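Let's take a walk through this protein together, starting from its interior and finishing at a single side chain. Keep the viewer open as you read.

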Amino acid sequence: MPTIRDVARLAGVSVATVSYVLNGGPRPVAPETRERVLQAIEALDYQPNASARRLARRRADCLGVFIAGLSDANFSTPYFLEYIRGISYAAETYGYNVMLFSNHRQAADRSLVRSISRSGIVEGLLCLGSSVPDEFILSLHYRKFPVVLMARRIEGHSVPYVQQDYYQGTYEAVRYALRQGYRRVGFLGQSLRFSYGLERLRAYSQALADEGLPYDPDLVQVPETPRDDPSLDEVRCLLEAGADVLLTDREAVVLTHLHTLGKRVPDDVALVGLDESEIASLPDVSLTTLRPPKFEIGLQAAELLIRIIRGEFPESLFITLPMLFVERASCPPHR
């Protein structure tokens, strides 16, 4: 197999000159010299080593994707595959590879920040999942390392993001339940430490106010500390407070709790999802829900990251995409 030295010898130039031709610099090469090098490459059928070329250009041509807790039960369904598919589509389109980082517990270690930002193994990072610590993301961002958040944002900071419209989706879900005749709307939210937790609660409150209904704290369960799944006691409290419909982003878990409490959907209580679960995992229920544009979020987040890496100027660093409301049988007109 011919080497770069063989090309240099045949073209009558230095190895460095061949490198400049292959990498487009950093020094200019005279047109006639460049032509001799290209003819030598063709005559020898020389195939430059892709990894070596990337190192020479100080480019990895690789995007990092940090997904927290892939070993957790939350990631045992295909829910996150649509995000990954969107990322992969964009990466393939623009000629990038994708490297996965999944151990979110290491994100608290400053050495990981240094490793990612200095090693050159990836040129930028996409972060998906609320378990990725804000401190880790901000450390990279303020080191000027390209980072784009997916399906979340960090309040008060300018980290680029692509997310679904949590406010619009929740507002639409509450208004739908009210139009169906329900008046005791139980809300199972997420911690207000997360931007989507805040946006959903604000939308819930505003939708009630716009219908002239009071905000009843007994109908709201929002944890002080982050948690994924509502507890059985949280669901029980809302039912005891007279909730006739429940809103949650953890539909499958809430259904299990309702079955444990001897309640049927929609006969005993209606149910509206705020972030469509894997429908196959929901037994005997056709779920009215909000569907996030997961593929489009992954696609646009990867494209945004690539543009930042290339030093381009995107129209916006902060993108919010609408959710699709899907009407099914779990929230019928209230009897």
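A nonpolar core, as the term is used here, is a set of buried Ala, Val, Leu, Ile, Met, Phe, Trp, Tyr and Cys residues joined through side-chain atoms within 4.5 Å. What you are looking at is a predicted model, and the idea of a core is a handy way into it. In soluble globular proteins, nonpolar side chains tend to be buried together.

With that in mind, which residues have the most contacts inside the largest nonpolar core? They are Y204, V245, L246, L247, L258 and C331, in a core of 37 residues. Several elements feed this core with at least two residues each: the helices α8 (166–179), α9, α10 (232–240) and α11 (251–260), along with the strands β6 (185–188), β8 (245–248) and β9 (270–273). Helix α8 gives the largest share, five residues. There is also a second, separate core, made up of 29 residues, with V148, V162, L305 and L321 among them.

Y204 is a good place to zoom in. Setting aside neighbours within four places in sequence, Y204 is in contact with T170, V174, V185, F187, Y215, L219 and V220. C331, another of the well-connected core residues, counts as buried because its relative accessibility is 0%, under the 20% cut-off. Compare C237: its relative accessible area is 36%, so C237 is partly exposed, falling between the 20% and 50% limits. If you are wondering about cysteine pairing, the structure holds zero disulfides.

Now step back to the whole chain. It has twelve helices and twelve strands, and 47% of its 335 residues are buried. Looking at contacts with a separation of 6 or more, 69% are between residues 24 or more positions apart. On the outside, the chain exposes about 16,700 Å², with carbon and sulfur atoms supplying 50% of that area.

Finally, let's settle on one residue, S195. Where does S195 sit? Its place is in helix α9, which runs over residues 195–210. Is S195 buried or exposed? With a relative accessibility of 2%, S195 counts as buried, because that value is under 20%. Beyond residues up to four places away in sequence, S195 touches R152, R153, E155 and Q163. One of these neighbours, R153, also has its backbone oxygen 3.1 Å from a polar atom of the S195 side chain.

Methods. Residues numbered from 1 in each chain as written. Predicted model: local features only at pLDDT ≥ 70, side-chain atom pairs only at ≥ 80, totals over all residues. Heavy atoms only, no water. Helix = DSSP H or I, 4+ residues; strand = E, 2+ residues; numbered from the N terminus. Buried < 20%, exposed > 50% of the residue type's maximum accessible area, 1.4 Å probe, protein only. Polar contact = N/O pair within 3.5 Å; in protein donor to acceptor, adjacent residues only side chain to side chain. Contact = heavy atoms within 4.5 Å. Disulfide = S-S within 2.5 Å. Areas by Shrake-Rupley, 256 points an atom, 1.4 Å probe, with all protein chains shown as cover.
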